[in-house]
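Welcome! Here are a few short exercises to work through with the structure in view. Try each task before reading its solution.

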Amino acid sequence: MSAVEMKTISLDDIEALAVGAWILGTGGGGSPYLGLLNLRRLYAEGHRVQLMSPLELADDDWVAVVSNMGAPLVGQERLADSRSIARAVRMQEEINDIKFRAVMSVEIGGGNGMQALMAAAHLGIPVVDADCMGRAFPEAQMTSVAIGDLRPYPCTLYDPRGIEAVVTKVPSWKWMERASRKICVEMGSIASTSKAPRTGREVKDWGIHFTTTKAIAIGRAVDAANRSHQDPIAAILDCEGGQRLFTGKIVDVERRTTEGFLRGSAVIEGSDDDRGTRLKLSFQNEWIVAWRDGEAIAMCPDLICVLDSVNGHGIGTETVRYGQRITVIALPAPAVLTSPRGLDFVGPRAFGYDLDFRSLFATPGAP
Amino acid sequence: MKRIGIDVGGTNTDAVLIADDKVVHSVKSATTADVTSGILAALKALRSNPAAAVPVDAVVIGTTHFINAVVQRRHLQQIGAIRIGMPASASLPPFCDWPTDLAALVNGETFMLEGGHDYDGRPFMPLDIDGLKAAARAIKAKGLRSVAVASSFSPLDPSCETTAREILAEICPDVAVTLSHDLGRIGLLERENAALLNAALHDLAVTTVAAFRKAIADSGIDAPLFLTQNDGTVMQAEIATAFPVMSFASGATNSMRGAAYLSGLDDAMVVDVGGTTSDIGQLRHGFPREANAVVEVGGVRTLFRMPDLLSIGLGGGSHVEQNPVRVGPLSVGYRLTSDALVFGGDRLTATDIAVAAGLIDIGDRARVAHLPKSVIDAALADAHRQLEGDIDRMKTEAGDVPLLAVGGGAFLVPKRLAGISKIIRVPHGDCANAVGAAIAQVSGEADQVFRDLTRDDAIAAARGIAEERAVQAGADRKTLKTVDVEDMPIAYLPGNALRVRVRVAGAIAEPKIGAAA
């Protein structure tokens, strides 16, 4: 193996990652807080995590794709344990008789943005600066590797009381979602998972690149703006080429669960330039469509982020409530998600909205 | 029914006697460093009014003593921490998110054992009884006198925690035990933190409650003692000894409850303008709306039942800057009566502006006669702007609602505010917090996950649990009213899982008052 350029992720980077990942979670993905606590402890014990470019992977390297799966509520009682995610990766090595070169998160948005770092700290291998969503999504088939029609199996699931499960074969990503979700529920509705291993070639072709760096940059921009009393939201938009959609106050929130997902809507009454108008946001775990006077002005897979107007931090669909002063922004989706096949998996129709995807961004984040 | 309410604030200790639903007399007296001599002074001043020198049925105290101990890192004891729920959560042990200085002060030793439950009530792992016994022996050997126990999903099934208490009682019977399910909601780390803080305050709670009792006895009063808790209800003094953390935010809650009582309104916004800060909250069914979010106490994340309050740096003692004109956030605080212009000082304060504008008549008005009208108007406009924006932020419904303005600095609240239908000021509003203490009720709460029930059935089941808990805490069943219902569907759980939280409250049951004396 040739020498590969690595960057050591600093603790400051990790603090920024927690802020940036929560924003890229677009309202879902669970809070990165417990992951941050784990990493602070691991760093205090002397662990360090290396970040490597996906472009430096050899074609035949193996990359582990990890996520914590399940209900955020259960995660509040069974706290994310950094060793569990590492064990799920080891299981993949054992059943496939491979050694992983590196590890990456299935989604950079929310708490899962921290999982790869936790695994990497224990396994002593680097984290690849990439993920499979570029944000957060609720289901296993909503990934770039599913869009790429890569092999969906095997998937390992680990529960700390000693239950280990493998879904060895499924006909499709959607079946992987259904089968693994059932196992996860039996485990107590939370499991550490390692998805189908990817080759270096596959990560180079289908991974969404440099998203860890991106999340860290967003977090750093927000922190720097807050420290110097600048507008943190303008800092995010500058950093990411996003658009400000709406500024106002939450005046109504409606939530319901259907088929295990948290669905609902939030209504925002405009202030400042938006005074006199209202924006409605529909969500399914994440923010999916933004409607202004009945017209869809932004939609998935473009990222719709609801931010605290004062400090620029993300606000989740589980914690949004009346009276919050918020600013809604949109960030461009990774190109793979807006391709025709991408939209089949993560476009508005995948969430039940009969809308043709229209991006707010003229040249959606070219690869 | 005659009750004395006492509120021990940062500057003043207020006392009030309420008889037959009327405020008989109220007094303000300076808070003292030892707290109890201030209480004694307030009681003596109150009782010097013949109408207030009558036998009373109860004395209710609201105090910030325990939260101050945490914030100031004083009078805290070393404790043992028992976490049940291994092998999950192992990498985030007790104290893992505490400020280092506070953890070093409090952490005697931690024990992490197998056990706990899943969200659906199934045992997570068999409870490690031998491990509990070994922990109890270690706690005894180390001489620790207070222990906190937290088990995963204990708000749903507390049996692991109660078993731990039984074992501790056998092996080290003199050790005080705090169980997390008695204090908090779902969220292991935050609930455990509440239990750890509570255990660390145990000795202080015992001595403080004894001192309160002595102050009452010394003032010639023979009546049971209650302490107010964060949610605007009371607990008997013995219970307060066991749960000091439950009094953490009682001051602001008392003033909101007092405002509701004095105005007869159960649903309104409340602003309590003090000397240094204004607290803004919302009354629903006569109780402050509670915070959903995590509340930090002395740098520790907790999930107490706390009122959802916004504190802003605006009060009667706020500095007024003139270029540009701005009120607060700095304040002269307890030096108001020496530093403000109208009292002969040289610092322009919000009180001086109010005197100059003719809103109140205190001190020497001639000393503010020179203030230009433009400064007076701009300062009042700035106070107006701050209050209007922040009151609106705390509203949870669209449309105009009434606002109760209480506290010593309530004169700063303008006559009209956007989003407010009318502004109500009440007699004795400056002692609303002591009134709130005097009229406090007893509550009970349930916070559980229900599956395969209709929403109505799940809420009814939760209400039944909350009512039983209120009766156990000393409430009169006939007077129980539901004060808060919240239901939250849960993502990724099967069986249409619904988390329901219900809180009920009612009058103190009569026989309990006698029994608690």
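**Exercise 1.** In which sense do strand β1 and strand β4 of chain B pair, and over how many bridges?

*Solution.* Keep in mind that this is a predicted model. Begin by finding β1 at residues 2-8 and β4 at residues 58-63 of chain B. The two strands pair in the parallel sense, over 6 bridges. To see one point along this pairing, look at B:I4, which stands opposite B:V59 in β4(B).

**Exercise 2.** Place these strands in their sheet, then find the helices that pack on the sheet.

*Solution.* Step one: the open sheet in chain B has 6 strands, in the order β3-β2-β1-β4-β9-β10, with mixed pairing. Step two: its edge strands are β3 (22-30) and β10 (234-236), each of which pairs on one side only. Step three: neighbouring strands are turned by 25° against each other on average, direction ignored. Step four: helix α1 (residues 36-47) of chain B packs on the sheet and touches β1, β2, β3 and β4. Helix α9 (residues 250-263) of chain B packs on the sheet as well, and its direction makes about 130° with that of β4(B).

**Exercise 3.** Describe how the rings of A:F283 and A:W287 are arranged.

*Solution.* The whole structure holds 4 aromatic pairs over all chains. In the pair formed by A:F283 and A:W287, the centres are 5.5 Å apart and the planes make 85°. Planes over 60 degrees apart count as edge-to-face, so this pair is edge-to-face. Both A:F283 and A:W287 are buried.

**Exercise 4.** Over which ring does the charged end of B:R301 sit?

*Solution.* Look across to chain A: the ring is that of A:Y33, with the charged end 3.7 Å from its centre.

Terms used: Residues numbered from 1 in each chain as written. Chains lettered and ligands numbered in written order. Predicted model: local features only at pLDDT ≥ 70, side-chain atom pairs only at ≥ 80, totals over all residues. Heavy atoms only, no water. Pairing = 2+ DSSP bridges. Helix = DSSP H or I, 4+ residues; strand = E, 2+ residues; numbered from the N terminus. Axes fitted to C-alpha atoms, helices over the stretch in contact; angles between N-to-C directions. Contact = heavy atoms within 4.5 Å. Phe/Tyr/Trp six-rings, centres within 6.5 Å; stacked < 30°, edge-to-face > 60°. Buried < 20%, exposed > 50% of the residue type's maximum accessible area, 1.4 Å probe, protein only. Lys NZ or Arg CZ within 6 Å of the ring centre and 35° of its normal.
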